[in-house]
Amino acid sequence: MYKLLLVLVLGSSLFTAYTAPVNAATKVEKTTIVESVNLNKAGIDELRKIRGLGATKAQAIIDYRKANGPFTDVKQLLNVKGIGEKFLAKNAKLLSI
C-alpha cells in the first residue's frame with residue numbers, strides 16, 4: 001500500500017520524522033457534530049461529545065450537578081473544576097439548560 005512520509009529539512013540536514021503505512025485498515029476516528037447539549041439532563045456519553053470535554057470533566061459536571069442542583073445559567077459551568085472561560089466561549093452556543 002501507500003506510505004505516509006513526513007520529512008523535516010533543517011539547513012542541509014534531512015530527517016525522516018515519521019513513516020507509517022496507510023491502508024484501508026488505518027483507524028480514523030469519526031467526529032460527532034452536536035447541535036445542543038442540555039447540562040441538566042446529559043449523561044457522561046452525551047457530555048463527552050462536546051469538543052474539549054473528556055471523561056474527567058464530563059464526570060465533574062455531573063458531580064457538580066448532583067451536589068448543587070440543576071444549572072440555572074450556562075455560566076455556572078465555570079464553577080466546575082477544569083472548566084474555564086476559553087472552553088465556555090468555544091462551546092456556549094452548544095450548551096443549554
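**Core and ring contacts in a predicted model**

Colleague: Leaving aside neighbours within four places in sequence, which residues is Leu 53 in contact with?

Modeller: This is a predicted model, where local features need pLDDT of at least 70, side-chain atom pairs count only at pLDDT 80 or more, and totals for chains, interfaces and linings use all residues. Residues are numbered from 1 along each chain as its sequence is written, and side-chain values use heavy atoms, without hydrogens and water. Contact means heavy atoms within 4.5 Å. On that basis, Leu 53 is in contact with Leu 47, Arg 48, Ala 58, Ile 61, Ile 83 and Phe 87.

Colleague: Which element supplies the largest share of the largest nonpolar core?

Modeller: Such a core is a set of buried (under 20% relative accessible area, 1.4 Å probe, protein chains only) Ala, Val, Leu, Ile, Met, Phe, Trp, Tyr and Cys residues joined through side-chain atoms within 4.5 Å. The largest has 18 residues, and Leu 47, Leu 53, Ile 61 and Leu 77 have the most contacts inside it. Helices (DSSP runs of H or I, at least four residues) H2 (55-68) and H3 (85-91) each supply at least two residues of this core. The largest share, 4 residues, comes from H2.

Colleague: Which residues form the aromatic pair, and is it stacked or edge-to-face?

Modeller: Rings of Phe, Tyr and Trp (its six-membered ring) pair if their centres lie within 6.5 Å; planes under 30 degrees apart count as stacked, over 60 as edge-to-face and the rest as tilted. The whole structure holds 1 such pair. Its centres are 5.5 Å apart, with 25 degrees between the planes. Both residues are buried. The pair is Tyr 64 and Phe 71, stacked.

Technical notes
Buried means under 20% relative accessible area, exposed over 50%, partly exposed in between (1.4 Å probe, protein chains only).
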